[in-house]
Amino acid sequence: MTQPAAAPVVRRVDARHRYEILVEDKAAGFTAYRDRDGRRVFFHTEIDDAYAGQGLASTLVQEALDDVRSAGLRIVPVCPYVAKFLTKHEEFADLADPVTPEVVEWLDGVLKR
């Protein structure tokens, strides 16, 4: 009898400024952020092609936003995936601040883009 697949696990990795999603202890993807003035600025979400189509990005972002809420922070959805997620999940709308040119300029400086 085969074991059912383990549920994906999301963990915050502060040293790498990101949340990672693991499937059976293997990294399947991440959403990256930088913190500024009580706001977690999400700027990139990526799921490995081997895990595409399994709903992992949604699980990852939902758990990341739950963590942000429990930490008492707000979010700025620079990442297009996070912004799209927010349009479908109004329960997180109260956490979101608008993406402004000033935030994008700050982020570009931090990331040296």
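This report walks through the strands, turns and a charged surface patch of a predicted model.

## Strand E2 and its neighbour E1

Let us start with strand E2, which covers residues 18–23. Here 6 of the 6 residues are buried, so E2 is largely enclosed by the rest of the structure. The cover reaches both faces of the strand. On one side sit Arg18, Glu20 and Leu22, and on the other Tyr19, Ile21 and Val23, and all of these are buried. If you are looking at the side chains, note that Arg18 and Glu20 are in this buried set.

Strand E1 spans residues 9–13. E1 and E2 run antiparallel and are joined by 5 bridges. Within this pairing, valine 9 has leucine 22 of E2 as its bridge partner. The two strands form a hairpin with 4 residues between them.

## Strand E3, paired on both sides

Next comes strand E3, residues 26–36, where 8 of the 11 residues are buried, so this strand too is largely enclosed by the rest of the structure. E3 pairs with E2 in the antiparallel sense over 6 bridges. Two contacts help to place the register: isoleucine 21 has glycine 29 of E3 as its bridge partner, and leucine 22 stands opposite alanine 27 in E3. Leucine 22 therefore links the two pairings, as the bridge partner of valine 9 and as the residue opposite alanine 27, while being buried itself under the 20% cut-off.

E3 also pairs with strand E4, residues 39–47, again in the antiparallel sense, over 8 bridges. In this pairing alanine 32 stands opposite histidine 44 of E4.

## Turns and backbone angles

Most residues other than glycine have a negative phi. Against that background, a few positions are worth a look in your backbone plots.

Histidine 17 is not a glycine, yet has a positive phi of about 55°. This residue lies in the loop between E1 and E2, in the turn of their hairpin. With a relative accessibility of 31%, histidine 17 counts as partly exposed, because that class lies between the buried limit of 20% and the exposed limit of 50%.

The hairpin of E2 and E3 has 2 residues between the strands, and glutamate 24 there takes a positive phi near 50°. The hairpin of E3 and E4 likewise has 2 residues between its strands, and aspartate 37 in its turn has a positive phi of about 50°.

Lysine 112 is another residue that is not a glycine and has a positive phi, of about 55°. Its place is in the segment after helix H3. Lysine 112 counts as exposed because its relative accessibility is 72%.

## A negative patch on the surface

Finally, a word on charge. Glu63, Asp66, Glu90 and Glu91 gather on the surface in a patch of negative charge. One of them, glutamate 90, lies in the loop between helix H2 (80–88) and helix H3 (101–111). Glutamate 90 counts as exposed because its relative accessibility is 65%.

Note on methods: Residues are numbered from 1 along each chain as its sequence is written. This is a predicted model: local features need pLDDT of at least 70, side-chain atom pairs count only at pLDDT 80 or more; totals for chains, interfaces and linings use all residues. Side-chain values use heavy atoms; hydrogens and water are left out. Patches are made of residues with over 30% relative accessible area and no salt bridge: like charges are joined within 9 Å, nonpolar side chains (Val, Leu, Ile, Met, Phe, Trp, Tyr) within 5 Å. Accessible areas come from the Shrake-Rupley method with a 1.4 Å probe; for residues, only the protein chains shown count as cover. A salt bridge is a side-chain nitrogen of Lys or Arg within 4 Å of a carboxyl oxygen of Asp or Glu. Lys and Arg count as positive and Asp and Glu as negative; His and the chain ends are not counted. The place of a charge is taken as NZ of Lys, CZ of Arg, CG of Asp or CD of Glu. Buried means under 20% relative accessible area, exposed over 50%, partly exposed in between (1.4 Å probe, protein chains only). Two strands pair if DSSP finds at least two bridges between them.
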